[in-house]
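Good morning, colleagues. Please take a moment to look at the sequence and the structure on the screen before I begin.

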Amino acid sequence: MQLLIVNYHYFGEENQYPGGIYPISPERFKNQLAEIGRHFDFISQNDLIAALDGQRILPEQSCLITFDDGLKSQFTLALPILKEKKIPAVFFIGSLPLKENKVLNVHKIHYLLSVLTAEQLLKKVAAAYQNLLHKELPFEQIDFNNVKLENRYDQPLTSRLKFLLNKHLPNTEAEQVVDLIFQEQVKDEAEFCRQHYLNQTEVMAIADTPLMAIGLHSHRHPHLLSAAASLIARDFFENHRFLTEELNLKNIRAVSYPFGQISPEQLKEKILPWANGLGLKFGLTMGRQINQNLKEPFYLSRFDTNDLPQGKKPVISFDNL
Ligand SMILES: [Zn+2]
């Protein structure tokens, strides 16, 4: 078997932003779905779970479509296309924006990189860091040669800044620094949330749509490699509690890891101890491979849309599968 899992983030006019955010157009989305459909059978979350439970066999070449981060444009631009074509999908929701009208740090960074150049943002980050923490920003000291900068679409300085803010600095330090700069640029954070994220009604509407499912993507979007196991567990419990108790969703069965990165060792330490208890059946990384079996259900690999045919920087072709 071959199971292709594809992940999408922002939808919209391409070239709308100079950096940081890379929306894909509804047109490109349609073309890519058509291209995938020529080689793969689209499956739903329920199909995959039935296969994991040994109750059915997946088509030889299957594809699961997924969306991370609960972004509004997924609802307004992508969902209608999926409904029209009867293509199933799983939407992985970070709950902080829904619960508290607060923007996730990762999206504040995307936004700042779309309105400032990377050079401007680095200067502001250094000044804010000095201001808040009374020490020099540890940027020059990072040996980027040894760092895996996985965002293939960014300019070098952009990708270094993202590494610094999303992964290198402790979560609390990065959040304070980014928030200070974000508040200078965006006067009304709650309004920003209303514009950029799904609201509670929309999440519940997706859950009620045939073939669609909702999954966990953490509450605050911590970086799993650096965050402590106890913090990660608390964060996902809150994500699960919010979706099942406050939105009353019943069929939460999957998790997509924030930033898509986790090692097999960390999976054992930080995810598996509580995953079954929450009723989860599978978990998704951004390993950028086609899954050849279902032996590690919590370590299934995904591609980003841009990595695939009809994406912006394809790394594989479907012709020689
Ligand atoms: Zn995410």
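I shall speak about the domains, then one helix and its partners, and finally two loop residues.

Please keep in mind that this is a predicted model. The domain assignment gives domain 1, made of residues 2-101 together with 197-307, and domain 2, residues 105-185. The C-alpha centres of these domains are 26 Å apart. Where they touch, 14 residues of domain 1 are in contact with 12 residues of domain 2. What is the make-up, by class, of the side of domain 1 that touches domain 2? That side has 8 nonpolar and 6 polar residues, and no charged residues.

I turn now to helix H8, residues 171-185. Does its length point to agreement or disagreement with the expected span? At 1.5 Å a residue, the 15 residues of H8 should span 21 Å, and because the end C-alpha atoms are 21 Å apart, the two values agree.

Within H8, the residues Ala-174, Val-177 and Val-178 are buried. A general point on helix geometry is useful here: an α-helix has 3.6 residues a turn, so residues three or four places apart point the same way. The buried residues of H8 pack against three helices, namely H5 (105-115), H6 (118-133) and H7 (156-168).

Let us take the pairing with H6 in detail. The axes of H6 and H8 come within 9 Å and cross at roughly 115°, and the crossing is right-handed. On the H6 side, the contact is made by Lys-124, Val-125, Ala-128, Tyr-129, Leu-132 and Leu-133. H8 contributes Glu-173, Gln-176, Val-177, Leu-180 and Ile-181. Val-177 of H8 thus appears in this contact and is also buried. By class, the residues of the contact between H6 and H8 comprise 8 nonpolar, 1 polar and 2 charged.

I close with two residues that have positive phi without being glycine. Ser-218 has a phi near 85° and lies in the loop between strand E5 (212-216) and helix H11 (229-246). Asn-248 has a phi of about 60° and is found in the loop between H11 and strand E6 (254-256).

Are these residues buried or exposed? Ser-218 counts as buried because it has 25 C-beta neighbours inside 10 Å, the cut-off for buried being 20 or more. Asn-248 has 9 other C-beta atoms within 10 Å and is therefore exposed, as the limit for that class is 12 or fewer.

Terms used. Residues numbered from 1 in each chain as written. Predicted model: local features only at pLDDT ≥ 70, side-chain atom pairs only at ≥ 80, totals over all residues. Helix = DSSP H or I, 4+ residues; strand = E, 2+ residues; numbered from the N terminus. Expected span 1.5 Å × (residues − 1). Contact = placed C-beta atoms within 7 Å. Domains from an automatic or database assignment. Nonpolar A, V, L, I, M, F, W, Y, C, P; charged D, E, K, R; others polar. Axes fitted to C-alpha atoms, helices over the stretch in contact; angles between N-to-C directions. Left-handed = near helix turned anticlockwise from the far one by under 90°.
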